[in-house]
Amino acid sequence: MTYTLAELQQIELQILTDFADFCKENALRYYLIGGALLGAVRYQKFIPWDDDVDVAMPREDYERLKTVFSSEKYFLQNAQSDPLFSRCIQKVRLNGTEIAEEGCLGINIHQGIYIDIFPIDYVANNNQKVLSRKAKEIRCLMSLRAIKGGYVNGRYAAAKKFIRVLCPLTLQFIDRKIDRLCTQENAGERKYAILWLHNYSWNKQFHEASVFGNGSVCSFEGHEFTAPADTDAFLRRVFGEDYMQEPAMEKRKCPHNYINVCANITKGEELS
């Protein structure tokens, strides 16, 4: 069965709802972020042209999720459970579904419909030069990780294949290096929170730690989810001061290039 965007959104909503219930049952902290949070504030539902859901978790909860997650319905995708998965984050993917992305064609990974989970890390100082330099290093390692994992199509394909053959670093070494860079200040003063691994530039995902805090409640598609404590400050940083204004028609495009969205699932099943 092939799904429309509206039907895809409803499947993602079910994944999010089950994930939120699981987090509550296991005392895991999470926050709705990205376009889903913007949709919650602007429309109390999905942005009509949005096609994914992002959540963030403090690093401790993000790591503990790996140890407590158990489900026959869902697959928790990360570098340990699916080594060729290149995003360096985690996804909760719905078994029995497929959402093929152009960049992942030919890669032997789970490609079910998903929500994204990003870790929240911390730093003590707002030193723009230091943060920018670290962000660039992390981004380069993430790109190298993708190339080593076989993501060599698209732009610069020949150069990517050359790098993949010559680079002696293993996927495991690159993963450890990325983790060290992201978490090296977590044991210190947690004045600022940052999502190093998000697609947006680092400075759009850099916040005072209090912006997340103990969270707040937002209404999204008739359900209540946890949002950052200061949702306005979060959205202003990520989307700009005019985040409540709709973009021009020509900019209302789906963020991803999905080739096919299909499923063979039984409705009503829950995360267990």
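Accessible areas here come from the Shrake-Rupley method with a 1.4 Å probe; for residues, only the protein chains shown count as cover. The model is predicted: local features need pLDDT of at least 70, side-chain atom pairs count only at pLDDT 80 or more, and totals for chains, interfaces and linings use all residues. Residues are numbered from 1 along each chain as its sequence is written, and side-chain values use heavy atoms, leaving out hydrogens and water.

**Exercise 1. Describe the surface and burial of the protein chain.**

Step 1. The protein chain exposes about 13,500 Å². Carbon and sulfur atoms supply 51% of that area.

Step 2. Buried means under 20% relative accessible area, exposed over 50%, partly exposed in between (1.4 Å probe, protein chains only). Of the 272 residues, 50% count as buried.

**Exercise 2. Find the centre of the largest nonpolar core.**

Step 1. A nonpolar core is a set of buried Ala, Val, Leu, Ile, Met, Phe, Trp, Tyr and Cys residues joined through side-chain atoms within 4.5 Å.

Step 2. The largest one has 82 residues; Phe 19 and Leu 32 touch the most other members. Helix α1 (residues 5-25) gives the most to this core, with nine residues.

Step 3. Helices (H or I, at least four residues) and strands (E, at least two) are DSSP runs, numbered from the N terminus. The protein chain has seven helices and eleven strands.

**Exercise 3. Place Phe 162: buried or exposed?**

Step 1. Phe 162 lies in helix α5 (residues 157-166).

Step 2. Its relative accessible area is 56%, so Phe 162 is exposed.

Step 3. In soluble globular proteins, nonpolar side chains tend to be buried together.
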